[in-house]
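Biologist: I'm new to this structure and would like to learn how to read it. Could you show me the model and walk me through some features?

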Amino acid sequence: MKLLYRFYHALFYRIKKIMEVSLVLIMGILASIVFMNVVLRYGFNTNATFVEELSRFLFVWLTFIGAVITFHEYSHVSVSFFIKKLSSKMQLILSLITNGMMLFCCYLIVFGSFLQARLNWNNITPILEIPTGLVQVSGIVCGIGIGMVLIARIAFTLKVLLSRLMHKEQEQ
(Lines give C-alpha, C1' and ligand atoms only; values in the text may rest on other atoms or scores of the structure.)
Protein backbone atom coordinates (compact mmCIF):
# COMPACT_ATOMS: atom_id res chain seq x y z
CA MET A 1 0.00 0.00 0.00
CA LYS A 2 2.87 2.36 0.78
CA LEU A 3 4.38 1.71 -2.63
CA LEU A 4 1.08 2.56 -4.31
CA TYR A 5 0.79 5.67 -2.15
CA ARG A 6 4.29 6.82 -3.13
CA PHE A 7 3.62 6.04 -6.80
CA TYR A 8 0.42 8.11 -6.72
CA HIS A 9 2.14 11.09 -5.10
CA ALA A 10 5.08 10.96 -7.51
CA LEU A 11 2.76 10.63 -10.51
CA PHE A 12 0.38 13.38 -9.42
CA TYR A 13 3.28 15.65 -8.47
CA ARG A 14 4.57 15.43 -12.04
CA ILE A 15 1.12 15.86 -13.55
CA LYS A 16 0.47 18.82 -11.26
CA LYS A 17 3.73 20.47 -12.32
CA ILE A 18 2.80 20.02 -15.98
CA MET A 19 -0.60 21.55 -15.27
CA GLU A 20 0.92 24.48 -13.39
CA VAL A 21 3.34 25.18 -16.24
CA SER A 22 0.41 24.94 -18.67
CA LEU A 23 -1.53 27.46 -16.60
CA VAL A 24 1.39 29.88 -16.63
CA LEU A 25 1.80 29.50 -20.38
CA ILE A 26 -1.93 29.96 -21.02
CA MET A 27 -2.05 33.04 -18.77
CA GLY A 28 0.99 34.50 -20.53
CA ILE A 29 -0.46 33.86 -23.97
CA LEU A 30 -3.85 35.28 -22.94
CA ALA A 31 -2.30 38.43 -21.49
CA SER A 32 -0.09 38.92 -24.54
CA ILE A 33 -2.72 38.45 -27.22
CA VAL A 34 -5.37 40.50 -25.44
CA PHE A 35 -2.87 43.33 -24.84
CA MET A 36 -1.78 43.13 -28.48
CA ASN A 37 -5.39 43.32 -29.62
CA VAL A 38 -6.09 46.33 -27.39
CA VAL A 39 -3.06 48.16 -28.80
CA LEU A 40 -4.10 47.29 -32.35
CA ARG A 41 -7.70 48.32 -31.77
CA TYR A 42 -7.06 51.65 -30.05
CA GLY A 43 -3.71 52.53 -31.56
CA PHE A 44 -4.17 51.48 -35.16
CA ASN A 45 -7.96 51.13 -35.50
CA THR A 46 -7.68 47.45 -36.48
CA ASN A 47 -7.60 44.13 -34.67
CA ALA A 48 -6.29 40.59 -34.90
CA THR A 49 -9.28 38.41 -35.72
CA PHE A 50 -7.83 35.22 -34.24
CA VAL A 51 -7.65 36.70 -30.72
CA GLU A 52 -11.37 36.24 -30.00
CA GLU A 53 -11.38 32.53 -30.80
CA LEU A 54 -8.00 31.75 -29.28
CA SER A 55 -8.78 33.57 -26.04
CA ARG A 56 -12.10 31.72 -25.72
CA PHE A 57 -10.39 28.33 -26.15
CA LEU A 58 -7.55 29.20 -23.80
CA PHE A 59 -9.87 30.55 -21.12
CA VAL A 60 -11.89 27.32 -21.07
CA TRP A 61 -8.69 25.27 -20.73
CA LEU A 62 -7.40 27.64 -18.05
CA THR A 63 -10.58 27.17 -16.03
CA PHE A 64 -10.66 23.38 -16.23
CA ILE A 65 -6.95 22.85 -15.53
CA GLY A 66 -7.20 25.31 -12.64
CA ALA A 67 -10.17 23.35 -11.27
CA VAL A 68 -8.08 20.17 -11.03
CA ILE A 69 -5.26 21.93 -9.18
CA THR A 70 -7.68 23.77 -6.90
CA PHE A 71 -9.50 20.55 -6.04
CA HIS A 72 -6.24 18.72 -5.32
CA GLU A 73 -5.08 21.46 -2.95
CA TYR A 74 -8.43 21.73 -1.12
CA SER A 75 -8.61 25.36 -2.24
CA HIS A 76 -12.21 25.13 -3.45
CA VAL A 77 -15.16 26.52 -1.51
CA SER A 78 -16.19 24.06 1.17
CA VAL A 79 -19.04 24.28 3.67
CA SER A 80 -17.98 22.21 6.66
CA PHE A 81 -19.83 23.56 9.70
CA PHE A 82 -22.19 20.56 9.70
CA ILE A 83 -19.42 18.03 9.15
CA LYS A 84 -17.33 19.33 12.06
CA LYS A 85 -20.18 18.54 14.47
CA LEU A 86 -20.09 14.82 13.58
CA SER A 87 -17.90 12.19 15.17
CA SER A 88 -14.65 11.35 13.39
CA LYS A 89 -16.05 7.99 12.24
CA MET A 90 -19.15 9.65 10.78
CA GLN A 91 -16.95 12.29 9.12
CA LEU A 92 -15.02 9.51 7.38
CA ILE A 93 -18.21 7.75 6.29
CA LEU A 94 -19.67 11.00 4.99
CA SER A 95 -16.39 11.67 3.21
CA LEU A 96 -16.65 8.28 1.48
CA ILE A 97 -20.22 9.01 0.41
CA THR A 98 -19.52 12.51 -0.91
CA ASN A 99 -16.30 11.49 -2.64
CA GLY A 100 -18.13 8.56 -4.24
CA MET A 101 -20.86 10.89 -5.48
CA MET A 102 -18.28 13.32 -6.85
CA LEU A 103 -16.47 10.43 -8.56
CA PHE A 104 -19.74 9.50 -10.26
CA CYS A 105 -20.11 13.14 -11.37
CA CYS A 106 -16.58 12.99 -12.79
CA TYR A 107 -17.62 9.93 -14.76
CA LEU A 108 -20.59 11.86 -16.14
CA ILE A 109 -18.36 14.82 -17.04
CA VAL A 110 -15.81 12.62 -18.81
CA PHE A 111 -18.46 10.59 -20.63
CA GLY A 112 -20.48 13.67 -21.64
CA SER A 113 -17.40 15.60 -22.69
CA PHE A 114 -16.22 12.66 -24.75
CA LEU A 115 -19.57 12.44 -26.54
CA GLN A 116 -19.61 16.20 -27.18
CA ALA A 117 -15.99 16.22 -28.36
CA ARG A 118 -16.74 13.41 -30.78
CA LEU A 119 -19.82 15.22 -32.08
CA ASN A 120 -18.00 18.53 -32.49
CA TRP A 121 -14.67 17.23 -33.77
CA ASN A 122 -15.58 17.80 -37.39
CA ASN A 123 -16.87 21.34 -36.72
CA ILE A 124 -14.00 23.65 -37.58
CA THR A 125 -13.69 27.17 -36.22
CA PRO A 126 -13.91 29.83 -38.93
CA ILE A 127 -10.73 31.73 -38.13
CA LEU A 128 -8.28 29.34 -36.46
CA GLU A 129 -9.54 26.34 -38.43
CA ILE A 130 -9.21 23.95 -35.49
CA PRO A 131 -11.87 21.50 -34.21
CA THR A 132 -14.38 22.95 -31.75
CA GLY A 133 -14.22 19.58 -29.98
CA LEU A 134 -10.98 20.75 -28.36
CA VAL A 135 -13.10 22.72 -25.90
CA GLN A 136 -14.82 19.55 -24.71
CA VAL A 137 -11.50 17.72 -24.40
CA SER A 138 -10.75 20.08 -21.51
CA GLY A 139 -13.74 18.56 -19.69
CA ILE A 140 -12.25 15.11 -20.19
CA VAL A 141 -8.92 16.27 -18.74
CA CYS A 142 -10.69 17.91 -15.80
CA GLY A 143 -12.89 14.91 -15.06
CA ILE A 144 -9.99 12.46 -15.18
CA GLY A 145 -7.78 14.74 -13.05
CA ILE A 146 -10.37 15.30 -10.34
CA GLY A 147 -11.33 11.61 -10.55
CA MET A 148 -7.71 10.61 -9.83
CA VAL A 149 -7.71 12.86 -6.76
CA LEU A 150 -11.01 11.40 -5.59
CA ILE A 151 -9.84 7.81 -6.01
CA ALA A 152 -6.80 8.58 -3.88
CA ARG A 153 -8.97 10.26 -1.24
CA ILE A 154 -11.38 7.32 -1.17
CA ALA A 155 -8.48 4.87 -0.82
CA PHE A 156 -6.98 6.90 2.02
CA THR A 157 -10.33 7.18 3.81
CA LEU A 158 -10.93 3.44 3.48
CA LYS A 159 -7.45 2.77 4.83
CA VAL A 160 -8.14 4.95 7.89
CA LEU A 161 -11.55 3.37 8.49
CA LEU A 162 -10.19 -0.16 8.17
CA SER A 163 -7.24 0.57 10.45
CA ARG A 164 -9.64 1.93 13.09
CA LEU A 165 -11.82 -1.17 12.81
CA MET A 166 -8.77 -3.44 13.12
CA HIS A 167 -7.56 -1.45 16.12
CA LYS A 168 -10.97 -1.82 17.84
CA GLU A 169 -11.01 -5.57 17.16
CA GLN A 170 -7.54 -5.95 18.69
CA GLU A 171 -8.66 -4.11 21.83
CA GLN A 172 -11.57 -6.51 22.35
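## Reading the model, feature by feature

Modeller: Let's begin with a tyrosine in a loop. Tyr74 counts as exposed, because its relative accessible area is 58%. Keep in mind that this is a predicted model.

Biologist: Where does Tyr74 lie?

Modeller: Tyr74 belongs to the loop between helix 2 and helix 3. Its backbone is worth a look too: Tyr74 has a positive phi of about 55°, although it is not a glycine.

Biologist: Which residue in the loop between helix 1 and helix 2 should I look at?

Modeller: Try Asn45, which sits in that loop between helix 1 and helix 2. Asn45 has a positive phi of about 55° and is not a glycine. Asn45 is classed as exposed because its relative accessibility is 72%, and exposed means over 50%.

Biologist: How should I read Thr49 in terms of exposure?

Modeller: Thr49 is also found in the loop between helix 1 and helix 2. Its relative accessibility is 47%, so Thr49 counts as partly exposed. For a sense of distance, the C-alpha atoms of Thr49 and Ile140 are separated by 28 Å, and the two residues are 91 residues apart along the chain.

Biologist: What about pockets? How do I find empty space in a model?

Modeller: The general idea is that rolling a probe the size of a water molecule over the atoms shows where empty space is left. In this structure, the largest pocket holds about 1200 Å³ of space. It is lined by 34 residues, and those closest to its centre are Tyr74, Ser95, Asn99, Arg153 and Thr157. So we meet our loop tyrosine, Tyr74, again here.

Biologist: Which elements give two or more residues to that lining?

Modeller: Those are helix 1, helix 2, helix 3 (88-120) and helix 4. Helix 4 gives the most, with nine residues.

Biologist: How many residues of each class are in the lining?

Modeller: Sort the lining by class and you get 19 nonpolar, eleven polar and four charged residues.

Biologist: Let me pick one of the residues closest to the centre. Is Asn99 buried or exposed?

Modeller: Asn99 is buried, because its relative accessibility is 5% and the cut-off for buried is under 20%. Asn99 is placed in helix 3. Leaving out residues up to four places away in sequence, Asn99 touches Leu150, Arg153 and Ile154. Arg153 is also listed among the residues closest to the pocket centre.

Biologist: And Asn37, buried or exposed?

Modeller: Asn37 has 5% relative accessibility, so it counts as buried. You will find Asn37 in helix 1. Setting aside its neighbours within four places in sequence, Asn37 is in contact with Asn47, Ala48, Val51 and Glu52.

Biologist: How should I think about nonpolar residues?

Modeller: In soluble globular proteins, nonpolar side chains tend to be buried together. Here, the largest nonpolar core has 17 residues, of which Ile26, Ile65, Val68 and Ile146 touch the most other members. The elements that give two or more residues to this core are helix 1 (2-44), helix 2 (50-72) and helix 4 (133-171).

Biologist: What does Ile146 touch?

Modeller: Not counting residues up to four places away in sequence, Ile146 touches Ala67, Val68, Phe71 and Cys106. One of those partners, Val68, is also on the list of core residues that touch the most other members.

Biologist: Since a cysteine has come up, how many disulfides are there?

Modeller: The structure holds zero. Cys105 is in no disulfide, and the nearest cysteine sulfur, in Cys106, is 7.3 Å away. Cys105 is partly exposed, because its relative accessibility is 39%.

Biologist: Why is Cys142 not bonded to Cys106?

Modeller: The sulfur of Cys142 is 7.1 Å from that of Cys106, its closest cysteine sulfur, which is too far for a bond because a disulfide needs the sulfurs within 2.5 Å. Cys142 is buried, with a relative accessible area of 6%.

Biologist: One last residue, please: what does Val137 touch?

Modeller: Apart from residues up to four places away in sequence, Val137 touches Trp61, Ala117 and Trp121. Val137 lies in helix 4, and at 24% relative accessibility it counts as partly exposed. Val137 and Phe44 are 93 residues apart in sequence and 36 Å apart in space, C-alpha to C-alpha.

How values were computed
Residues are numbered from 1 along each chain as its sequence is written. This is a predicted model: local features need pLDDT of at least 70, side-chain atom pairs count only at pLDDT 80 or more; totals for chains, interfaces and linings use all residues. Side-chain values use heavy atoms; hydrogens and water are left out. A nonpolar core is a set of buried Ala, Val, Leu, Ile, Met, Phe, Trp, Tyr and Cys residues joined through side-chain atoms within 4.5 Å. Buried means under 20% relative accessible area, exposed over 50%, partly exposed in between (1.4 Å probe, protein chains only). Helices (H or I, at least four residues) and strands (E, at least two) are DSSP runs, numbered from the N terminus. Contact means heavy atoms within 4.5 Å. On a 1 Å grid over the protein atoms alone, a cavity is a set of points where a 1.4 Å probe fits but cannot get out, and a pocket is an open set with protein on both sides within 12 Å along at least five of seven lines; lining residues have an atom within 4 Å of a point. Grid points are joined across faces, edges and corners, and a volume is the space filled by probe spheres set on the points. Ala, Val, Leu, Ile, Met, Phe, Trp, Tyr, Cys and Pro count as nonpolar, Asp, Glu, Lys and Arg as charged, and the others, Gly among them, as polar.
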